[in-house]
Amino acid sequence: FIICVTIQIISFFKARDNAQKTLKLFSFLGIISMTIGVLSTGKIALFAFLSGGLCCSIMWPCIFTLSIKKLGKYTSQGSSFLIMMILGGAIIPPIQGKLADIIGIHESYWIAVICFIYLTYFAQKTGNLIKN
């Protein structure tokens, strides 16, 4: 597991305080981690899923930063909406749980892969909007 943590620390320093790069990089690492977890078993799957969770821990500040950038006078309102939208994270577990009932818990982690893919898209899209 120390190898997974080391990769994430190196990735964090590689992004150099750039929220878009950090979100994109950790979303990509999340995709890789979850895919490895779904396609493997045992300790490899365990460490891959744990690594995906670690990727999530670094992404929320990046999402927040990218979401409120260039809102101007609406920054406080936008940040309030973001805090309220944390509830959106409560939507994914029941969806994954239902999928786990249908196809199995291990395979239900494809939902996490889809979420990480969306976060990669979000990082790319917000980065393009900020540059313009």
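Lys 70 sits in the loop that links α3 and α4. In this predicted model, Lys 70 has a positive phi of about 65°, even though it is not a glycine. Most residues other than glycine have a negative phi. Is Lys 70 buried or exposed? Its relative accessibility is 57%, so Lys 70 counts as exposed, the cut-off being over 50%.

**The helices on either side of the loop**

Let us move from the loop to its two neighbours. Two packed helices are described by the angle between their axes and the distance between the axes. For helix α3, residues 42–68, and helix α4, residues 75–84, that angle is about 145°, and the axes lie 9 Å apart. The crossing of α3 past α4 is right-handed. Which residues make the contact? From α3 come Trp 60, Phe 64, Ser 67 and Ile 68. From α4 come Thr 75, Gly 78, Ser 79, Leu 82 and Ile 83. Sorted by class, this contact of α3 with α4 holds 5 nonpolar and 4 polar residues, with no charged ones.

**The whole protein**

Now we can step back. The protein has 6 helices and 0 strands, and reading along the sequence gives the pattern α-α-α-α-α-α. Along the principal axes, the C-alpha atoms fill a box of roughly 50 × 35 × 20 Å. The chain has 132 residues, and 33% of them are buried. The accessible surface of the protein is about 8,400 Å², and carbon and sulfur atoms account for 72% of that surface.

How are the contacts spread along the chain? Take the contacts between residues at least 6 apart in sequence: 64% of these join residues at least 24 apart.

**The core**

What lies inside? The largest nonpolar core has 20 residues. Those with the most contacts inside this core are Leu 23, Met 34, Met 59, Ile 63 and Phe 116. Helices α2 (19–39), α3 and α6 (110–131) each supply at least two residues of the core.

Met 59 is a good residue to look at here. Once its neighbours within four places in sequence are set aside, which residues is Met 59 in contact with? They are Leu 23, Phe 26, Ser 27, Phe 116 and Leu 119. Two of these names, Leu 23 and Phe 116, also appear in the list of core residues with the most contacts.

**Residues to visit along the way**

Gln 8 belongs to helix α1, residues 2–15. Its relative accessibility is 9%, which is why Gln 8 counts as buried. Apart from neighbours within four places in sequence, Gln 8 is in contact with Phe 26, Leu 29, Ser 51, Leu 54 and Cys 55. Phe 26 is also among the contacts of Met 59.

Ile 7 is found in helix α1 as well. With a relative accessible area of 42%, Ile 7 is partly exposed.

In helix α2 you will find Thr 22. This threonine is buried, because its relative accessible area is 4%, under the 20% that marks a buried residue. Leaving out residues up to four places away in sequence, Thr 22 touches Phe 12, Ala 15 and Cys 62.

Helix α6 holds two further stops. Ala 112 has its place there and counts as buried at 15% relative accessibility. Cys 115 is also found in α6, where it counts as partly exposed at 26% relative accessibility.

**Pairs across the fold**

Some of the residues just visited can be paired with others elsewhere in the chain. The table sets separation along the sequence beside separation in space, from C-alpha to C-alpha.

| Pair | Apart in sequence | Apart in space |
|---|---|---|
| Ala 112 and Leu 39 | 73 residues | 13 Å |
| Thr 22 and Ala 48 | 26 residues | 19 Å |
| Cys 115 and Cys 4 | 111 residues | 20 Å |
| Ile 7 and Asn 128 | 121 residues | 27 Å |

How far apart in space are the C-alpha atoms of Cys 115 and Cys 4? They are separated by 20 Å, with their positions 111 residues apart along the chain. For Ala 112 and Leu 39, 73 residues apart in sequence, the distance in space is 13 Å.

Note on methods: Residues numbered from 1 in each chain as written. Predicted model: local features only at pLDDT ≥ 70, side-chain atom pairs only at ≥ 80, totals over all residues. Heavy atoms only, no water. Axes fitted to C-alpha atoms, helices over the stretch in contact; angles between N-to-C directions. Helix = DSSP H or I, 4+ residues; strand = E, 2+ residues; numbered from the N terminus. Left-handed = near helix turned anticlockwise from the far one by under 90°. Contact = heavy atoms within 4.5 Å. Nonpolar A, V, L, I, M, F, W, Y, C, P; charged D, E, K, R; others polar. Core = buried A, V, L, I, M, F, W, Y, C linked by side-chain atoms within 4.5 Å. Buried < 20%, exposed > 50% of the residue type's maximum accessible area, 1.4 Å probe, protein only. Areas by Shrake-Rupley, 256 points an atom, 1.4 Å probe, with all protein chains shown as cover.
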